[in-house]
Amino acid sequence: MKKKLLAGITAAAITVASLGFTVAHAKGGHDFMEKRLQHLTEELNLSKEQQEQLHASMENGKKAMYDSREQRQEIRKELMKLDPNAADYQTRLNSLVLKAQEQAKTMVIQKAEQKQALFSVLTEQQKQELSELQEKWQRKMEKRFADGDHPKRGKGCH
């Protein structure tokens with residue numbers, strides 16, 4: 001029972017954390033998408049046709065994100081309403097865990113589909129360049145976090 005409770009709390013925490021991440025990106029909305037497309041265009045020398053294809057793909061991804069946002073918010077609200085003293089607490093918690101797991105699965109699949117769509121419009125050389133850029137960005141973020149320099153909260157956030 002403790003394992004189920006721990007699993008439930010973990011799944012709920014993941015859902016709540018992912019909601020915050022999604023909302024942060026959703027607030028940027030169109031600007032975030034346009035900036036990302038502009039950055040990819042500059043870094044990978046995308047053609048006009050590639051830009052149009054990526055823009056359409058990003059719009060679809062944005063729509064999918066908004067469509068699932070309400071579901072994540074509902075899970076969060078239900079979690080906040082749970083009464084640990086209620087007789088059906090464990091049953092309701094297990095139900096939320098299943099919903100949260102399904103949401104996490106959906107988000108991972110959506111992210112993978114976005115990456116697949118991106119790679120489908122790139123040339124082999126651009127794919128290699130993007131992979132190198134992603135590795136560079138990953139190393140940069142790892143260094144920032146290792147130095148205690150969180151991109152949103154500044155130094156010493158830990």
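In the predicted model, the protein contains four helices and two strands. Along the sequence these elements follow the pattern α-α-α-α-β-β. Of the 158 residues in the protein, 28% are buried. The exposed area of the protein is about 11,100 Å², and carbon and sulfur atoms supply 54% of this area. Among contacts with a separation of 6 or more, 62% are between residues 24 or more positions apart.

Helix H3 covers residues 89-120, which is 32 residues. At 1.5 Å a residue, H3 should span 46 Å, and its end C-alpha atoms are 46 Å apart, so the expected span and the model agree. The buried residues of H3 include Tyr-89, Gln-90, Leu-93, Leu-96, Val-97 and Ala-100. Further along the helix, Gln-103, Gln-110, Leu-118 and Phe-119 are also buried.

H3 packs against helix H4 (residues 124-146) at an angle of about 135°, and the axes of the two helices are 10 Å apart. Because angles from 115 to 145 degrees fall in the oblique class, H3 is oblique to H4. On the H3 side, the contact is made by Lys-115, Leu-118 and Phe-119. On the H4 side, Lys-127, Leu-130, Ser-131 and Gln-134 take part. By class, the contact of H3 with H4 comprises three nonpolar, two polar and two charged residues. Leu-118 and Phe-119 thus appear both among the buried residues of H3 and in the contact with H4.

Methods:
Residues are numbered from 1 along each chain as its sequence is written. This is a predicted model: local features need pLDDT of at least 70, side-chain atom pairs count only at pLDDT 80 or more; totals for chains, interfaces and linings use all residues. Side-chain values use heavy atoms; hydrogens and water are left out. The expected span of a helix is 1.5 Å times one less than its number of residues. Buried means under 20% relative accessible area, exposed over 50%, partly exposed in between (1.4 Å probe, protein chains only). Contact means heavy atoms within 4.5 Å. Accessible areas come from the Shrake-Rupley method with a 1.4 Å probe; for residues, only the protein chains shown count as cover. Axes are lines fitted to C-alpha atoms, for helices over the stretch in contact, and angles run from 0 to 180 degrees between N-to-C directions. Angles under 35 degrees count as roughly parallel, over 145 as roughly antiparallel, 65 to 115 as roughly perpendicular and the rest as oblique. Ala, Val, Leu, Ile, Met, Phe, Trp, Tyr, Cys and Pro count as nonpolar, Asp, Glu, Lys and Arg as charged, and the others, Gly among them, as polar.
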